[in-house]
Amino acid sequence: MLNVPSQSFPAPRSQQRVAFGGRSKVPLKQGRSLMDWIRLTKSGKDLTGLKGRLIEVTEEELKKHNKKDDCWICIRGFVYNVSPYMEYHPGGEDELMRAAGSDGTELFDQVHRWVNYESMLKECLVGRMAIKPAVLKDYREEEKKVLNGMLPKSQVPDTLAKEGPSYPSYDWFQTNSLVTIAIYTKQKDINLDSIIVDHQDDSFRAETIIKDCLYLIHIGLSHEVQEDFSVRVVESVGKIEIVLKKKENTSWDFLGHPLENHNSLIPRKDTGLYYRKCQLISKENVTHDTRLFCLMLPPSTHLQVPIGQHVYLKLPITGTEIVKPYTPVSGSLLSEFKEPVLPNNKYIYFLIKIYHTGLFTPELDRLQIGDFVSVSSPEGNFKISKFQELEDLFLLAAGTGFTPMVKILNYALTDIPSLRLDVEFVLSAPISEWNGKQGHISPALLSEFLKRNLDKSKVLVCICGPVPFTEQGVRLLQDLNFSKNEIHSFTA
Ligand SMILES: Cc1cc2nc3c(=O)[nH]c(=O)nc-3n(C[C@H](O)[C@H](O)[C@H](O)COP(=O)(O)OP(=O)(O)OC[C@H]3O[C@@H](n4cnc5c(N)ncnc54)[C@H](O)[C@@H]3O)c2cc1C
Ligand code: HEM
């Protein structure tokens, strides 16, 4: 494992990783941490200047509030006074000002759509945007038509519409005891990772990932069903079948009524993150500050996190919901920690370093077995197809950047028989007895380790760690003539 070059923040040994590609966090003044912001929002101070009143904001009004000390931003139809938050924004005041006096939804989503602004800014809420009468539309008739039908062409995003009549649809059928919902994706690269199902009480939700879009089935079921259900995928025709068990063996006249965004195909970047509550099953010490957490999905959820992807964990911290990304590792890591490997994809494992001065991880560490954490649907752009015909695989990890490598290693060593495992540890601050490699990521270290077996062999280099490690690593790899396609860096 290679280690990190030092810099002021993230702290030299901090494994915190933020996004790569020009976006970076700024150093915040003393007393301007997220915890300080939460304290300010709980202080009872009037943060909008409206004394608790909520108002309707017109576009003209919004535009007027475009200065640092008087800055309103609209996100998803709600307007916030972000002036009090300026000095607390980890991305800096200038970044926040890019959305001043305007609708910042797109900009916000481009940078960090997972940030839980609704909870963080609830004391800054000015009100809703006034809706122009012309925009109002009666959806009731349309909803009746789309339930159990085809997606109206107007709702098909351009990327899929180009492919002709290959947009998804669904249907349902029943026996005495079962209801089957069949989703026709019309895509061949569909598998059990592509479908996420959650149902709670009578609300049923199935997200199918199709390229960069989500096809959402969202229905209030007409009758009760049991908690557990099964999911089948017929890959050759791109069909997914979700088989629900009826609570009573009666015949259903209709499946249910449409809920928000039912039967729609939405670009993934435009959808909010959906969370379900998972229970903490076990917690094992791996090192003095790193733990292996095992969370259990609810029985009414089907979710598999694909290799190389991460999820967001959400916890309330002194009344504000805080969200951080984590990459699940394989359950098989547990065997070393003397726990049985638990069956059937119901469990998600996380290897997490606890920062005693951090915001989220101490709270996570305080959870008791049986407590709940909210877990989002998976995100990330790593594709398993990168392994096709692979001849050399190099994994460069620093600190908790090790986590995405766990599933990759498991997969590569099981499914690509030609690959051979060789591990090099490089320590930046070794004890005096250490006689292995030491130092930080450098051209000399990389050229020593990263040798292609053959001149033109198909290579993949995966890199993950704190931002300085990843950024410098990618630059050095390019200097060593690895092409962009041959490098995958893991970021939020
Ligand atoms: C895609 C992705 C996947 C990830 N996967 C994992 C994973 O599998 N396992 C894992 O352990 N982590 C992972 N991380 C990191 C994780 O998301 C958190 O960043 C990490 O757990 C720290 O969170 P925290 O709130 O406890 O600490 P933070 O409050 O963010 O603080 C982290 C450290 O920085 C210091 N610090 C905070 N603010 C400042 C400041 N203004 N100036 C100076 N120092 C400061 C803190 O004292 C602490 O030492 C991942 C990150 C990404 C982007
Ligand atoms: C709409 C304009 C905005 C822009 C252009 C912007 C930009 C950025 C940038 C560049 C970063 C640093 C990079 C990163 O961490 O990914 C960042 C971080 C952050 N921003 Fe914003 N931001 C905006 C609005 C907001 C708002 C309204 C909030 C309200 C809560 C917010 C909360 C945060 C948080 C919590 C982080 C730290 C994320 C982390 O832990 O990694 N931002 N922002």
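Begin the tour by selecting ligand 2: of the 23 residues around this ligand, those that come nearest are Pro90, Gly91, Glu95, Ala99 and Gly104. The model on display is a predicted one.

Keep ligand 2 in view and colour the shell by residue class. The shell divides into 14 nonpolar residues, five polar residues and four charged residues.

Next, show the helices as ribbons. Which helices each supply at least two residues of the shell around ligand 2? They are helix 3, at residues 93–97, helix 4, at residues 105–112, and helix 5, at residues 117–120. Select helix 4 in particular, since this element gives the most to the shell, namely four residues.

Now turn to the strands, starting with residues 66–67. These residues form strand 2, which pairs with strand 3, residues 70–75, in the antiparallel sense over two bridges. To see one pairing at the level of residues, select Asn66 together with Cys71, its bridge partner in strand 3. The connection from strand 2 to strand 3 is a hairpin through two residues.

Follow strand 3 onward to strand 4, residues 78–81. Strand 3 and strand 4 run antiparallel and are joined by four bridges. Select Ile75 and, opposite this residue in strand 4, Phe78. Strand 3 and strand 4 also form a hairpin, with two residues between them. In that turn, select Arg76 and inspect the backbone torsion: phi is positive, at about 45°.

Stay with strand 3 and add residues 102–103 to the selection. In which sense, parallel or antiparallel, do strand 3 and strand 5 pair? The pairing of strand 3 with strand 5 is parallel, over two bridges. Within this pairing, the bridge partner of Ile73 is Ser102 in strand 5.

The last stop is Leu47. Look for this residue in the loop between helix 1, residues 34–42, and strand 1, residues 55–57. Why does Leu47 count as buried? The reason is that 21 other C-beta atoms lie within 10 Å, and a residue is buried if 20 or more do so.

To display the surroundings of Leu47, select Thr41, Asn81, Pro84, Glu123 and Cys124, which Leu47 touches when residues up to four places away in sequence are not counted. One of these contacts, Asn81, leads back to strand 4, whose residues are 78–81. Finally, draw a distance between the C-alpha atoms of Leu47 and Leu121: these two residues are 74 residues apart along the chain, and the separation of their C-alpha atoms is 9.4 Å.

Notes
Residues are numbered from 1 along each chain as its sequence is written. Chains are lettered from A and ligands numbered from 1 in the order in which they are written. This is a predicted model: local features need pLDDT of at least 70, side-chain atom pairs count only at pLDDT 80 or more; totals for chains, interfaces and linings use all residues. A residue is near a molecule or strand if its C-beta atom, placed from the backbone, lies within 6 Å of it. Ala, Val, Leu, Ile, Met, Phe, Trp, Tyr, Cys and Pro count as nonpolar, Asp, Glu, Lys and Arg as charged, and the others, Gly among them, as polar. A residue is buried if 20 or more other C-beta atoms lie within 10 Å of its own, exposed if 12 or fewer, and partly exposed in between; C-beta atoms are placed from the backbone. Two residues are in contact if their C-beta atoms, placed from the backbone, lie within 7 Å. Two strands pair if DSSP finds at least two bridges between them.
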